[in-house]
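Subject: Structure for you to look at

Hello,

Here is the structure I said I would pass on. My notes on it follow below.

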Amino acid sequence: MSGPLDGIRVLEAGLLIQGPQAAALLADMGADVIKIELPDLGDQGRYIHVGPDDSRSAVYTACNRGKRSVALDLRHPRGAGIFKTLAKDADVFVSNFKPGTLETWGIGYDDLAQINPGIICAQGSTFGPVGPDADREGADLAGQAAGGLISTIGRDQDTPSPVGVFIADHIASLNLAAGILAALYARTSTGRGQRVEASLLGGQIWAQATEFTHLMLTNEPAKRANDGHSLIKGVYGIFETADGWIAIPGVPPHARDAFFIALDRPDLTLDDRLQGIAVHGAFDWLMDQLVTAFKTQPTEHWCRVLREAGVRYAPVRNHRQVLDDSGAWDNGYFAAVGDAEGEPGHVVGTPIRMSGTPLAPGATAPALGAHTEEVLREIGIGDAELAVLRERKTI
């Protein structure tokens, strides 16, 4: 079956994660994604190698599988001209250069809309397209720091620490993809494309909408997580077990008795201080009781008894343990694929399931410029001009 974006053509001139990951999701949805990269250099993500003697890149592979790569110098007038020819029949253009860069090269939204009124130009940035920091460059860590996320991580006595994944880039990529899908839908009634913009800073603020709303309502900023969440005064947090850690993501009132009995603390079911949804007055005391209880048995024991009791839980796992989870494979969150030569391999799958137009993860990420001639021939460029373009290092 065809994917939901079958027939949609996407041009992507993204770097590292924000733009490329948004376009990768569109590729999983069935779009034909053509990645534009600088000749002899390419996306910077190619150079974050997995080891000193291993030039493979997890960043590039994860964010660019299923695309076609065209090596084209957009800074060169002829390169920009070829790009405009590609843009005439494109539906979407994704990038995450510093704001104003594309306009300098003559391929900003206003330039492209003149030749293709239906094109959607999705532009990612670090701090947003306007304001005093618009022209500043940044990366994932800048989004986490400037957006306030780092201030909530860890315990009160800890030094600041970022999340151990590229979370600001990832959230911004999802926002960019959501904006693109909305713009494609709007185009069905207006016939026109539009500019779509998303930033690392904006994504971090949106991801913490609850915490910022709490600040605006009370003038009290959210505090450090301290193994849970500063706004939740209930059974919500990470607890050490005899051999690891377990997460208890909230215990609703109807499950409270079953939870305490599973912990072998039936006496707590009768404590008047613990009968409400929140336990503000007895919160610290209750946490002490739970910390002591969970340390008495290994994680596997608690997973079994809490599952039998119908109580929400999750073991704290490392990436290897997640990769070994059969449920993650059953749901397609990891997938076995074959590359162009039919060699088997594994990829991170798609997190979205659709019954009528299923998504399919790409098997491999393209080598730099692997599809340059193929794509340029599709727009009528012949052998003679290809030779000239190569000589001039435009491709």
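**T269 and its surroundings**

Leaving aside neighbours within four places in sequence, T269 is in contact with D257, F260, I261 and Q275. T269 itself is found in the loop between α10 (256–262) and α11 (283–294). Is T269 buried or exposed? T269 has a relative accessible area of 16%, so it counts as buried, the cut-off for that class being under 20%.

Please keep in mind throughout that this is a predicted model.

**The chain as a whole**

The secondary structure of the protein chain comes to 16 helices and 13 strands. Along its principal axes, the C-alpha trace spans about 85 × 50 × 45 Å. The chain has 395 residues, and buried residues make up 43% of them. Taking contacts between residues at least 6 apart in sequence, 66% join residues at least 24 apart.

**The largest pocket**

The largest pocket has a volume of about 1,400 Å³. It is lined by 32 residues, and the closest to its centre are Q21, A58, A62, F334 and V348. Two or more lining residues come from each of α1 (18–28), α2 (58–64), α7 (167–190), α13 (319–323) and β13 (344–348). Which element gives the most to the lining? That is α2, with 5 residues. By class, the lining has 20 nonpolar, 9 polar and 3 charged residues.

**Helix α1**

One of the elements that line the pocket, α1, is largely enclosed by the rest of the structure, because 10 of its 11 residues are buried. The buried residues of α1 are Q18, G19, P20, A22, A23, A24, L25, L26, A27 and D28. Q21 is among the residues closest to the centre of the largest pocket. Just after α1, G30 takes a positive phi of about 105°.

**Helix α3**

Helix α3 covers residues 77–88, 12 residues in all. At 1.5 Å a residue these should span 16 Å, and the end C-alpha atoms are 17 Å apart, which agrees. The buried residues of α3 are G79, A80, I82, F83, L86 and A87. These buried residues cover an arc of only 160° around the axis, which puts them on the same side of α3.

What do the buried residues of α3 pack against? Their partners include three strands' worth of names to look up, namely β1 (9–13), β2 (32–37) and β6 (92–95). The buried residues of α3 also pack against the helices α5 (109–115), α15 (372–378) and α16 (383–391).

**W105**

W105 is found in the loop between α4 (101–104) and α5. With a relative accessible area of 23%, W105 is partly exposed. Not counting residues up to four places away in sequence, W105 touches L74, R75, A80 and F97. One of these, A80, is also on the list of buried residues of α3. W105 and L74 are 31 residues apart in sequence and 6.9 Å apart in space, C-alpha to C-alpha.

**I246**

I246 has its place in strand β10 (residues 245–249). Its relative accessible area is 0%, so I246 is buried. Leaving out residues up to four places away in sequence, I246 touches G237, I238, F239, T241, F294, W302, C303, L306, Y313, A314, P315 and V316. I246 and P315 are 69 residues apart along the chain, and their C-alpha atoms are separated by 4.4 Å.

**Two positive phi values between α9 and β9**

N219 lies in the loop between α9 (209–218) and β9 (236–240). Phi of N219 is near 65°, a positive value in a residue other than glycine. At 66% relative accessibility, N219 counts as exposed, since the class begins over 50%.

D227 also lies in the loop between α9 and β9. Phi of D227 is near 70°, again a positive value in a residue other than glycine. D227 has a relative accessible area of 34%, so it is partly exposed.

That is the set of notes.

Regards

Methods:
Residues numbered from 1 in each chain as written. Predicted model: local features only at pLDDT ≥ 70, side-chain atom pairs only at ≥ 80, totals over all residues. Heavy atoms only, no water. 1 Å grid on protein atoms, 1.4 Å probe; cavity = no way out; pocket = protein on both sides within 12 Å on 5 of 7 lines; lining within 4 Å. Points joined across faces, edges and corners; volume = space filled by probe spheres on them. Helix = DSSP H or I, 4+ residues; strand = E, 2+ residues; numbered from the N terminus. Nonpolar A, V, L, I, M, F, W, Y, C, P; charged D, E, K, R; others polar. Buried < 20%, exposed > 50% of the residue type's maximum accessible area, 1.4 Å probe, protein only. Contact = heavy atoms within 4.5 Å. Expected span 1.5 Å × (residues − 1). Arc of directions from axis to C-beta.
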